[in-house]
Each structure stands twice: as structure tokens, then as C-alpha cells.
Amino acid sequence: SPFALTGAVAATGKVAMIDGEPTGTVDFKATTGSASHRSIPMPLEYELIQGRIKMGGESWVSLQDLQLDGPLFSAAADGSLSRPEGNLPAPIDIGVKVEVKDGPFRMLLSGLGINLDPGGRASFNVGGTVQNPDLR
């Protein structure tokens, strides 16, 4: 998997298989861990990640009210993963607002093409696929 999450996770929800696909909503909260993706050179430590995952409907998977708080940055995000077609990976469209708390992490984001304001804040979109995200 291109994405990994460590930490203590608690989740509640109701999910059912309808026409061979999971459908429903899960609310989750993870504390004290790290998130990583193969396209980011270091794991991102967090103190809290919480949000809602909605499966089924117009989007294959919808991320709602996603919030992350950690020592390097805090972020909020909403978006979706579209249903994959054939053997192609699922396209993603996620809006992100970030506030950076650490100088070296500012340089990492700048290197990825994300322009931060003087307070360390930025808004951007993540497109592409889960395997190959594209920051815009």
C-alpha cells in the first residue's frame, strides 16, 4: 500500500455490502502516531487525526471533516476518491488547508510547490491517484 497509518485508532459506523460494494459511514479518531506515503520523504507525526469516511453514492469514497494536528503542522481536508475504472487506480480530489508549525517542514512543502503565506498557511488540492498524488 502506498499509504500507512500508525497509532491508536477508534472508529464507529455502519457499513453494509450493497450490490457488491461497501456502503455506509465511519467516524474515526486516531491518536499519537504517524502517517506516511511513499511520495513523502519522512513519516508525518500526529497527535490527532479525526474525520468521517463515507462509502458509496456518487463518490466511491468521500472524506469529510478530516482534521490532523501534530508537532509539524495542522491540516483540514475534504474530498473524494472516485470509483476506479478497470485496472486503473482510483482518482482523488481532496482540498487541503494546512498550517505549518516547523521551519524544515516549510521547506519540504515549498519543494513540493506549495506556497505558504507568512503565517505558514496554504490551501491546495490533491489530485492524481492514491498511488501517484498530484499537488495543485
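Relative accessible area sorts residues into three classes here: buried under 20%, exposed over 50%, and partly exposed in between. With that in hand, let's walk through this structure, which is a predicted model.

A good place to start is Lys101, which counts as partly exposed because its relative accessibility is 47%. The side chain of Lys101 meets that of Asp69 in a salt bridge, at 2.7 Å from N to O. This pair links distant parts of the chain: Asp69 sits in strand S4, Lys101 in the loop between strand S6 (92-100) and H1, and their positions lie 32 residues apart in the numbering. Asp69 is partly exposed as well, with a relative accessible area of 28%.

There are 5 salt bridges in the model by the rule used here. Side chains of opposite charge can pair when their charged atoms come close. Another of the bridges joins Asp27 and Arg52, with 2.6 Å from N to O. Asp27 belongs to strand S2 (residues 21-37) and Arg52 to strand S3 (residues 44-55), so this bridge ties together parts that are 25 residues apart in sequence. Asp27 comes out as partly exposed because its relative accessibility is 29%, and Arg52 is partly exposed too, at 34%. A further bridge is formed by Asp117 and Arg121, whose closest N and O atoms are 3.5 Å apart. Here Asp117 is partly exposed at 29% relative accessibility, and Arg121 is partly exposed at 42%.

Arg52 also leads us to strand S4, where Ser62 has its place. Arg52 is one of the residues that Ser62 touches, along with Ile53, Lys54, Gly79 and Ser80, leaving aside residues up to four places away in sequence. Is Ser62 buried or exposed? Ser62 counts as buried, because its relative accessibility is 15%.

Val61 is found in strand S4 too. With a relative accessible area of 16%, Val61 is buried. Setting aside residues up to four places away in sequence, Val61 touches Ile53, Lys54, Met55, Gly79, Ser80 and Leu81. Between the C-alpha atoms of Val61 and Ala90 there are 9.7 Å, with their positions 29 residues apart along the chain.

Further along strand S4 (residues 61-69) lies Gln67. Gln67 counts as partly exposed because its relative accessibility is 41%. Its contacts, again without residues up to four places away in sequence, are Leu48, Ile49, Gln50 and Ala75. For Leu48, the C-alpha to C-alpha separation from Gln67 is 7.7 Å, although the two are 19 residues apart in sequence.

Now for the aromatic rings. How many aromatic pairs does the count come to? The count comes to 1 aromatic pair. Phe73 and Phe105 form this pair, and their rings are stacked, 4.9 Å from centre to centre with 10° between the planes. Phe73 is in strand S5 (residues 73-81) and Phe105 in helix H1 (residues 103-111), so the pair, by the strand and helix runs assigned here, links distant parts of the chain that are 32 residues apart. Phe73 and Phe105 are both buried.

Finally, turn to the surface. Phe3, Leu5 and Val9 make a nonpolar surface patch of about 270 Å². Leu5, one of these residues, is found in strand S1 (residues 3-18). Its relative accessible area is 38%, which means that Leu5 is partly exposed.

Notes:
Residues are numbered from 1 along each chain as its sequence is written. This is a predicted model: local features need pLDDT of at least 70, side-chain atom pairs count only at pLDDT 80 or more; totals for chains, interfaces and linings use all residues. Side-chain values use heavy atoms; hydrogens and water are left out. Rings of Phe, Tyr and Trp (its six-membered ring) pair if their centres lie within 6.5 Å; planes under 30 degrees apart count as stacked, over 60 as edge-to-face and the rest as tilted. Helices (H or I, at least four residues) and strands (E, at least two) are DSSP runs, numbered from the N terminus. Buried means under 20% relative accessible area, exposed over 50%, partly exposed in between (1.4 Å probe, protein chains only). Patches are made of residues with over 30% relative accessible area and no salt bridge: like charges are joined within 9 Å, nonpolar side chains (Val, Leu, Ile, Met, Phe, Trp, Tyr) within 5 Å. Accessible areas come from the Shrake-Rupley method with a 1.4 Å probe; for residues, only the protein chains shown count as cover. A salt bridge is a side-chain nitrogen of Lys or Arg within 4 Å of a carboxyl oxygen of Asp or Glu. Contact means heavy atoms within 4.5 Å.
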